[in-house]
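Let's practise finding charged partners in a protein model. Have the structure open beside you and work through each exercise before reading its solution.

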Amino acid sequence: MTAALISWGKGRRAAAAIGAVSLGLLTLSACEKPTSLATVTVGSTTVQAEATPGCDGDGKVLPKKAVTACITKKGGQTITVHPGEKVRVGVDPEVAKSGWIVIGAGPVMREPSKQTYRSFDADSLFMQQNPQTGQTSYSKDVTLQVAELGGGDGPKTMWHFTLKQKD
């Protein structure tokens, strides 16, 4: 009788162990590699975002059709900016190795950065120049785009933030 109880207890423990291992493997297989984050800080307010859906090439250059769609996307995390403030943008070190740029109402960087952090005058991010007349105007809100570059072939990943100008 005792032998039957002992073997039954061992069977339950073995079944429990197999169940735990199976559950652990199932959990691990559901994990995805997290996307890199981009961070925007204004004053003491910070917002972070993962890559914009549809704008992550998973380490490869985005197809031209995806780039066109990503450039026209709006939104993302919103942050308020007062005139004259500094807007600080940061990226993960892996993104910095590839090189990255920031686009506000127009291009704001002359060349890609390999640093993990850059600071910009808010006014330059809201400034638009009409290509036909050359006149400069300022937007009240702008989609700030951060793009990880993939050599000369285009962006690999893009993040979008909304900057709202506070009077």
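**Exercise 1.** In this predicted model, find the residue that forms a salt bridge with Lys164, then work out which strands the pair ties together.

*Solution.* Start at Lys164 and look for a carboxyl oxygen within 4 Å of its side-chain nitrogen. Asp141 fits, with the closest N and O atoms 3.4 Å apart. Next, place both residues: Lys164 belongs to strand β10 (residues 155-165) and Asp141 to strand β9 (residues 141-149), so their pairing ties together parts 23 residues apart in sequence. Finally, check accessibility. Lys164 is partly exposed at 38%, and Asp141 is partly exposed at 41%.

**Exercise 2.** Where do Lys86 and Asp121 lie, and how many residues apart in sequence are the parts they tie together?

*Solution.* First, confirm the contact: the two side chains, Lys86 and Asp121, form a salt bridge at 2.7 Å, N to O. Then locate them. Lys86 sits in strand β4 (residues 86-91) and Asp121 in strand β6 (residues 117-121), so this pair links parts 35 residues apart in sequence. For accessibility, Lys86 comes out at 40%, which counts as partly exposed; Asp121 is also partly exposed, at 40%.

**Exercise 3.** Which helix holds both Glu94 and Lys97?

*Solution.* Begin with the salt bridge between their side chains, Glu94 and Lys97, at 3.3 Å, N to O. Now trace the backbone: both residues lie in helix α3 (residues 93-98), 3 residues apart, or about one turn of the helix. Lastly, classify Lys97: its relative accessibility is 58%, and exposed means over 50%, so Lys97 counts as exposed.

Conventions. Residues numbered from 1 in each chain as written. Predicted model: local features only at pLDDT ≥ 70, side-chain atom pairs only at ≥ 80, totals over all residues. Heavy atoms only, no water. Helix = DSSP H or I, 4+ residues; strand = E, 2+ residues; numbered from the N terminus. Buried < 20%, exposed > 50% of the residue type's maximum accessible area, 1.4 Å probe, protein only.
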